[in-house]
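Good morning, colleagues. Please take a moment to look at the sequence and the model on the screen before I go through its helix packing and its sheet.

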Amino acid sequence: MSVRELVVLGTASQVPTRHRNHNGYLLRWDGEGILFDPGEGTQRQMLRAGVAAHDLHRICVTHFHGDHSLGLAGVIQRINLDRVPHEISAHYPLSGQRFFDRLRYATAYRETVRLTEAPVAADGNLAVTASYTLEARRLSHPVESYGYRLTEPDGRRMLPDRLAAHGITGPDVGRLQREGRLGDVTLDDVSETRHGQRFAFVMDTRLCDGVHALAEGCDLLVIESTFLDEDIELAVDHGHLTAGQAAGVARDAGVRHLVLTHFSQRYSDPGEFERQARAAGFEGELTVAQDLQRVPLPRRR
């Protein structure tokens, strides 16, 4: 059975706290695992969350600040120690190649796994598979940063009442799906478009075109909300979003489930992020992320 869920490994910004680890997020998408922004401590958080090195197929780093990338060294060495049998692709800003190199070879170890480096140099598609297209968009932060988006191809949903009206049953249904026509009946006559699911991951950034493009029509949007709205000047100065700004993006983009994360240690009441997100007019499903939480993708529309 296919599984599509977000496993939250860490939710802190800049420094870990007693209750929040540095960033780390695993997206389970059918048989693949995509690890986003492995900060310090990610390897241990994976153990606590029941995530194995064998579950990883891609690593996506938004930018090279420590809370989003210091865990790379441990994760890369772990996938080699465990002799993961499949290729793993790594995406990160090309401008940070020197940081990736240092983290990949931070200490001595035996390389046993094919780790393919596929850095990001501009907006566009990074990978196209049977179950998704992975794309990147430039964000606005003091260092070069990219957000990521997965889009599942649209499919078809067969309509039983229309099939029955045309007398199509059994093996003929599969034949019609494969060939697009059965006699005078076309696939469009007995089915409708099933829109593919969409997921986006937006970390450290000010409001910019890339944020809105990534969020558009998402079923699940994971987005930073480092500051509360009363500290919007700090957010702009440091290249971050407030809870209200993040929720406004989700509201305008028609997001179904919003996950707020990357919280500044200056705040002690997580509930205030939810209150400000609702005050901004977001009415969909809302999660203020906690470490080791699991968030399933919404059912298809």
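I begin with a pair of helices: α3 and α4 cross in a right-handed manner. Right-handed is used here for a near helix turned clockwise from the far one by less than a right angle, and left-handed for an anticlockwise turn. Helices are DSSP runs of H or I with at least four residues, strands are runs of E with at least two, and both are numbered from the N terminus.

Before going further, I should state that this is a predicted model, in which local features need pLDDT of at least 70 and side-chain atom pairs count only at pLDDT 80 or more, whereas totals for chains, interfaces and linings use all residues. Residues are numbered from 1 along each chain as its sequence is written, and side-chain values use heavy atoms, with hydrogens and water left out.

To return to the pair, helix α3 covers residues 72-81 and helix α4 residues 97-104; their axes are 8 Å apart and the packing angle is about 55°. This angle makes α3 oblique to α4. Axes are lines fitted to C-alpha atoms, for helices over the stretch in contact, and angles run from 0 to 180 degrees between N-to-C directions. Angles under 35 degrees count as roughly parallel, over 145 as roughly antiparallel, 65 to 115 as roughly perpendicular, and the rest as oblique.

Which residues of α3 and α4 meet? On the α3 side they are Leu72, Ala73 and Ile76, and on the α4 side Phe100, Leu103 and Arg104, where contact means heavy atoms within 4.5 Å. The contact of α3 with α4 comprises five nonpolar residues, no polar and one charged. In this classification Ala, Val, Leu, Ile, Met, Phe, Trp, Tyr, Cys and Pro are nonpolar, Asp, Glu, Lys and Arg are charged, and the others, Gly among them, are polar.

Within α3, the buried residues are Leu72, Ala73, Val75, Ile76, Ile79 and Asn80. Buried means under 20% relative accessible area, exposed over 50%, and partly exposed in between, with a 1.4 Å probe and protein chains only. After α3 comes Arg83, with a positive phi near 50°.

Helix α3 also meets helix α1, residues 42-49: the two axes come within 8 Å and cross at roughly 60°. Helices α1 and α3 are therefore oblique to each other. Thr42, Gln43 and Met46 of α1 make this contact with Gly74, Val75 and Arg78 of α3. Its residues are two nonpolar, three polar and one charged.

I turn now to the sheet. Seven strands form an open sheet with mixed pairing, in the order β7-β8-β9-β14-β15-β16-β17. Two strands pair if DSSP finds at least two bridges between them. The edges are β7 (124-128) and β17 (285-288), each of which pairs on one side only. On average, neighbouring strands are turned by 15° against each other, direction ignored.

At the β7 edge, four bridges join β7 to β8 (residues 133-138), and the two run antiparallel. A hairpin of four residues connects β7 to β8. Ala127 has Leu134 in β8 as its bridge partner.

Leu134 leads to His91, which is found in strand β5 (residues 88-91). Is His91 buried or exposed? His91 is buried, with a relative accessible area of 2%. Not counting residues up to four places away in sequence, His91 touches Arg58, Ile59, Cys60, Val61, Ala118, Val120, Leu126, Leu134 and Tyr148.

At the other edge, helix α11 lies across β16 (257-261) and β17, and runs at about 150° to β17. The axes of α10 (residues 243-253) and α11 (residues 271-279) come within 8 Å and cross at roughly 45°. That makes α10 oblique to α11, and the crossing is right-handed. Here Ala243, Gly244 and Ala247 of α10 meet Phe273, Gln276 and Ala277 of α11. These residues divide into four nonpolar, two polar and no charged.

Finally, α10 contains Ala246, which counts as buried at 0% relative accessibility. Leaving aside neighbours within four places in sequence, Ala246 is in contact with Ile223, Glu224, Ser225 and Leu260. Thank you for your attention.
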